[in-house]
Amino acid sequence: MLALGLLGLGLLWRWLLPQQYEVSQLLLGAASLLVAIPVLRSAWHSLLRPSLHGITDQLIGLAMLGAWATGDLATAALLPIIMIFGHMLEERSVLGSQEAIAALGRLTRSQARLIGSSGEVREVDNASLQPGDQVEVRAGDRVPADGRVVEGHASLDCAPITGEAVPLEVAPGMDIHGGSINLDGLLRVEITRVGDDSTLGKVIALMQRAERAKPPITRLLERHAGRYLVLVLLIAAVTWFITSDAQAMLAVLVAACPCALVLSAPATAVAGIAVAARHGILIRGSAFLEELADLTSLVIDKTGTLTYGDLRLRSVELADASVDQAAAVRLAASLASASSHPVSRALAALVVHAEQLPLLDVQERQGFGIVAQTGQGEAALGRPELFGRLGIEHGPVPAHDGPIAGLALNGRFLAWLLLADNVRAEAADALQQLRELGLQRQLLLTGDRRRVADAIAAQVGVSRVVAEALPQDKLAQVNQELQAGFRPLVVGDGINDSLALKAGAVGVAMGAGGADIALAAADIVLINGDLRRLGTCVRLSRLCRRTLQVNVLIGLGWTLAIMLAAAFGLLGAAGAMIAALLHNFSTLLVLSNAGRLLRYDERG
């Protein structure tokens with residue numbers, strides 16, 4: 001930042017006070033020296049330990065030396081600043097990966113209520129638990145490790161592990177995953193797996209493996225940088241050998257300063273990332289912007305991705321025609337407001353609090369429902385089993401894949417309320433857009449039940465479905481896509497999607513309500529959760545690729561043309577200065593071409 005400030009001050013000084021040329025040169029020289037230290041150190045390091053990024057450092061170092069030799073201190077300062085900025089874009093993806101793994105590690109650390117041999121309960125760190133220990137899990141607690149329910153009934157939010165939107169009803173003898181949240185009830189759990197052997201522990205290990213196994217994405221400039229460096233040195237050497245003219249050789253080196261070539265990728269990437277942000281798309285690095293253009297398949301999660309990720313009332317089935325549906329819904333919402341269960345929260349949201357009925361003597365039957373006194377009499381809301389306990393007769397339970405709540409008043413059964421996690425309004429259109437863009441191969445990958453997954457897939461036009469998948473299963477499916485030669489776009493929102501997001505060619509997380517770990521693991525985040533922006537990503541990426549190809553052609557072609565002109569002495573005695581002016585003109589062309597991307601807009 002200091003070098004950038006000095007560079008700007010030096011250029012401003014040269015423009016306002018041209019008679020004080022030496023002062024502006026001192027400012028530009030100071031700026032170039034500040035950035036020269038890290039650049040030349042990196043170039044020297046790359047000579048000792050060759051690497052792909054090192055070739056770029058050598059190019060910048062060569063350009064700086066050439067600029068210094070001709071007194072073009074503005075170029076000597078500008079090139080390293082641009083390159084440092086480009087490296088910062090690439091490093092953001094690495095930091096995101098490390099953040100995702102660290103967030104998973106934090107999730108595995110929690111407190112547990114360990115039950116001693118004499119029945120006393122004490123809080124311990126869950127890292128100290130061993131298989132065979134028994135713990136108490138109260139409402140609101142996170143299950144400290146994988147285990148088996150010994151006593152109690154409860155509803156568990158398993159979305160962090162399986163992606164299941166509907167709470168899992170657990171009973172003695174059932175296996176549960178560490179990291180799940182107890183929504184209600186009291187459980188006694190025997191620990192079966194801890195640490196690296198637990199479900200979350202395996203997720204962390206697999207994510208670390210996926211991070212190491214994911215091949216680095218190479219930018220177009222760096223793929224040709226080595227050949228370009230060799231070409232520059234050969235042309236300079238041949239020029240010196242044939243002409244014995246140091247000025248001509250210096251002009252070749254100045255002409256070879258790859259300003260336009262170095263700028264071609266960062267300028268295009270910055271414009272593309274800015275346009276994406278304007279459309280509600282956060283792209284973590286320029287490499288992923290390029291990768292989007294090569295996608296050939298789609299792997300997408302259900303809960304919270306294709307669907308809204310929360311329960312909503314789908315229909316009301318009245319017991320008979322004499323029951324008023326609006327009154328029944330108001331009564332159900334009033335009763336539901338007394339409970340924190342996800343089904344109750346969904347029902348309570350149907351009626352504003354001011355219009356809900358007052359309740360007295362509220363009794364929450366854990367795992368079954370709610371009974372309370374209203375101005376109309378005793379009302380009950382809950383599972384079918386609740387009404388059997390209350391001695392209230394009800395008709396057959398409707399066939400439904402989601403949660404069902406019954407409603408009764410004064411011993412009379414009124415209605416069934418059917419809830420479900422609904423498909424996003426734009427989901428079908430978004431997936432059709434992707435098919436038109438060439439992503440014909442589409443897979444719905446979810447931890448939900450098969451019947452639910454098939455129903456959702458039919459609504460959005462996806463023919464391939466894998467259901468009841470755990471995080472490691474999702475990773476295996478993405479790896480199968482890669483091994484089959486496809487470039488999968490992976491879209492998800494939960495912790496259970498983080499492995500797949502990291503393993504895919506490009507991972508996209510839903511920013512609206514997505515898990516922090518999924519957001520950190522993903523390469524791209526849809527800030528507003530609009531699935532139609534997936535198509536925007538692909539179209540913008542392909543436009544950026546075309547722009548980048550033109551920029552590389554300008555940068556490389558123009559530079560080679562100036563180098564040849566300098567080598568044949570066509571630039572005259574002041575060849576170095578003319579070469580510097582000409583290659584700066586190509587920089588302006590590249591920036592102007594990249595700037596055209598800023599006009600791209602799909603928000604209409």
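A cavity is a set of grid points where a 1.4 Å probe fits but cannot get out. The legends below describe close-up views of a predicted model.

**View 1. Cavities in the whole structure, with the second largest in close-up.** Rolling a probe the size of a water molecule over the atoms shows where empty space is left. When the whole structure is searched, 3 cavities of 30 Å³ or more are found, and the second largest of them holds about 60 Å³ of space.

**View 2. The lining of the second largest cavity.** The residues that line this cavity are Val299, Ile300, Asp301, Leu445, Lys474, Val490, Val491, Gly492, Asp497, Ala500 and Leu501. At least two lining residues are supplied by each of strand 11 (297–300), strand 20 (488–492) and helix 18 (498–503), and strand 20, with 3 residues, contributes the largest share. By character, the lining divides into 7 nonpolar, 1 polar and 3 charged residues.

**View 3. Helix 12 (residues 325–336) and the elements that cover its buried residues.** The 12 residues of helix 12 should span 16 Å at 1.5 Å a residue, and this agrees with the model, because the end C-alpha atoms of the helix are 16 Å apart. Within helix 12, the buried residues are Ala328, Val329, Leu331, Ala332, Ala333, Ser334, Leu335 and Ala336. An α-helix has 3.6 residues a turn, so residues three or four places apart point the same way. The cover over the buried residues of helix 12 includes strand 12 (307–318), helix 13 (342–348) and strand 14 (369–374), together with strand 15 (377–382), strand 16 (404–409) and strand 17 (412–423).

**View 4. Gly272 and its contacts from elsewhere in the sequence.** Gly272 belongs to helix 9 (residues 259–278), and it counts as buried because its relative accessibility is 0%, where the cut-off for buried is under 20%. When neighbours within four places in sequence are left aside, Gly272 is in contact with Leu289, Leu540, Cys544 and Leu597. Cys537 lies 265 residues from Gly272 in sequence, yet the C-alpha atoms of Gly272 and Cys537 are 9.7 Å apart in space.

**View 5. Ala458 in helix 16 (residues 450–460).** Ala458 has a relative accessible area of 63% and is therefore exposed, given that exposed means over 50%. Between Ala458 and Ala428 the C-alpha to C-alpha distance is 9.6 Å, while the two residues stand 30 residues apart in sequence. Views 4 and 5 can be read side by side, since Gly272 is buried and Ala458 is exposed.

Notes
Residues are numbered from 1 along each chain as its sequence is written. This is a predicted model: local features need pLDDT of at least 70, side-chain atom pairs count only at pLDDT 80 or more; totals for chains, interfaces and linings use all residues. Side-chain values use heavy atoms; hydrogens and water are left out. Helices (H or I, at least four residues) and strands (E, at least two) are DSSP runs, numbered from the N terminus. Buried means under 20% relative accessible area, exposed over 50%, partly exposed in between (1.4 Å probe, protein chains only). Contact means heavy atoms within 4.5 Å. The expected span of a helix is 1.5 Å times one less than its number of residues. On a 1 Å grid over the protein atoms alone, a cavity is a set of points where a 1.4 Å probe fits but cannot get out, and a pocket is an open set with protein on both sides within 12 Å along at least five of seven lines; lining residues have an atom within 4 Å of a point. Grid points are joined across faces, edges and corners, and a volume is the space filled by probe spheres set on the points. Ala, Val, Leu, Ile, Met, Phe, Trp, Tyr, Cys and Pro count as nonpolar, Asp, Glu, Lys and Arg as charged, and the others, Gly among them, as polar.
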